[in-house]
Amino acid sequence: MVLGRRNTLDIITLYAGIDADVINRLRPILEQELDDLNLRKAYNVEMSLIDPLADMEYDGPLIDRGRLIHIADQYSEEIERIKRRLKKLSGDPDFNPNSNPQVAALLKKSGAKLTKKTESGEWQMTKAVREELAAVGNKKVIRLVDLLNRMKYLAKHRSMYLDG
């Protein structure tokens with residue numbers, strides 16, 4: 001059976017009315033449930049976010065490119081400060097803190113007891129390994145690991161969130 005345009009509109013109107021009626025009848029029950037569970041404040045916060053989140057979904061978030069560039073520059077400056085500090089601590093002006101063999105040599109020279117090697121025979125320098133070394137190391141090892149971890153954190157986050 002093919003419904004005419006008018007019949008289809010009548011059916012849609014009927015169902016929309018039923019939906020509105022059901023929602024209207026459920027409202028006091030659900031509001032009481034919010035109060036019983038002490039969730040009214042959370043509900044109000046979420047409801048206040050509907051319009052801004054819908055706008056963001058539709059328009060995309062507003063991004064202050066100038067601010068992101070400024071933050072990226074700050075990250076870069078701090079990364080360079082850390083690299084200079086690591087070069088000074090290593091005593092080698094050509095020290096590369098992104099070179100695992102050089103980092104391993106510096107940590108070993110500073111008193112770290114390296115124990116884990118990669119399949120290729122190099123010392124492992126993952127964050128977990130560096131943190132293990134710091135946990136049992138002297139103050140210099142701890143300081144080096146802190147600097148390395150901070151530099152790698154900043155570089156990773158700059159790359160992931162700020163560059164591009």
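A polar contact is a pair of N or O atoms within 3.5 Å, where, within protein, one must be able to donate a hydrogen and the other to accept it, and residues adjacent in sequence count only if both atoms are side-chain atoms. This is a predicted model, in which local features need pLDDT of at least 70 and side-chain atom pairs count only at pLDDT 80 or more, while totals for chains, interfaces and linings use all residues. Residues are numbered from 1 along each chain as its sequence is written, and side-chain values use heavy atoms, with hydrogens and water left out.

The protein has six helices and zero strands, helices being DSSP runs of H or I with at least four residues and strands runs of E with at least two, numbered from the N terminus.

At the N-terminal end of α3, Asp64 acts as a cap, with a side-chain oxygen 3.2 Å from the backbone nitrogen of Gly66. After α3 comes Gly91, which has a positive phi near 80°. The buried residues of α3 are Ala72, Ile79, Ile82, Leu86 and Ser90, where buried means under 20% relative accessible area, with a 1.4 Å probe and protein chains only. These buried residues pack against α4 and α6.

The largest nonpolar core holds 21 residues, of which Leu86, Leu107, Met125 and Leu133 touch the most other members; such a core is a set of buried Ala, Val, Leu, Ile, Met, Phe, Trp, Tyr and Cys residues joined through side-chain atoms within 4.5 Å. Two or more residues each come from α3 (65-90), α4 (100-109), α5 (127-136) and α6 (139-162), and α6 gives the most, with seven residues.

Note on methods. Buried < 20%, exposed > 50% of the residue type's maximum accessible area, 1.4 Å probe, protein only. Contact = heavy atoms within 4.5 Å.
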